[in-house]
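Subject: Structure handover

Hello,

Here is the structure for you to look through. My notes follow below it.

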Amino acid sequence: MAAAKTVKDIVANNEKMKIISSSKYIVIRASLQTKDARAGREVKIYSDYYLKVQMGVKAELSYKP
């Protein structure tokens, strides 16, 4: 089975962006599901499995002189 890719958009106002930009660390909380778990089958996690997390910022800015 191939890895799945999921994109989650989060809206952040100016206050949140100030907090994020001044932070040294970011904690990412995630929940995972597998196709087999829904069928009630036991799901095993092996040492060669991985979770790749990438984070970026797409911003729309307004400037008032």
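Is Tyr49 buried, partly exposed or exposed? Tyr49 is partly exposed, because its relative accessibility is 46% and the partly exposed class lies between 20% and 50%. Please keep in mind that this is a predicted model.

Tyr49 also belongs to an aromatic pair, with Tyr46 as the partner. The count of such pairs comes to one. A pair of aromatic rings is described by the distance of the centres and the angle of the planes. Here the centres are 5.4 Å apart and the planes stand at 80 degrees, so the pair is edge-to-face, as the angle is over 60 degrees. Tyr46 is partly exposed too, at 43% relative accessibility.

Now the overall picture. The protein has two helices and zero strands. Of its 65 residues, 0% are buried. The accessible surface is about 7800 Å², and carbon and sulfur atoms hold 52% of this surface.

Two residues in the loop between helix H1 (14-21) and helix H2 (35-38) are worth a look: Ile28 and Ser23. Ile28 has a relative accessible area of 52%, so it counts as exposed. Ile28 is one of the residues in a nonpolar surface patch, which also includes Met17, Ile20, Leu32 and Val53. Together the residues of the patch have about 910 Å² of accessible area.

Ser23 is partly exposed, with a relative accessible area of 34%. The side chain of Ser23 comes to 2.5 Å from the backbone oxygen of Ile19.

Regards

How values were computed:
Residues numbered from 1 in each chain as written. Predicted model: local features only at pLDDT ≥ 70, side-chain atom pairs only at ≥ 80, totals over all residues. Heavy atoms only, no water. Patch = residues over 30% accessible without salt bridge, like charges linked within 9 Å, V, L, I, M, F, W, Y side chains within 5 Å. Areas by Shrake-Rupley, 256 points an atom, 1.4 Å probe, with all protein chains shown as cover. Salt bridge = Lys/Arg side-chain N within 4 Å of Asp/Glu carboxyl O. Helix = DSSP H or I, 4+ residues; strand = E, 2+ residues; numbered from the N terminus. Buried < 20%, exposed > 50% of the residue type's maximum accessible area, 1.4 Å probe, protein only. Polar contact = N/O pair within 3.5 Å; in protein donor to acceptor, adjacent residues only side chain to side chain. Phe/Tyr/Trp six-rings, centres within 6.5 Å; stacked < 30°, edge-to-face > 60°.
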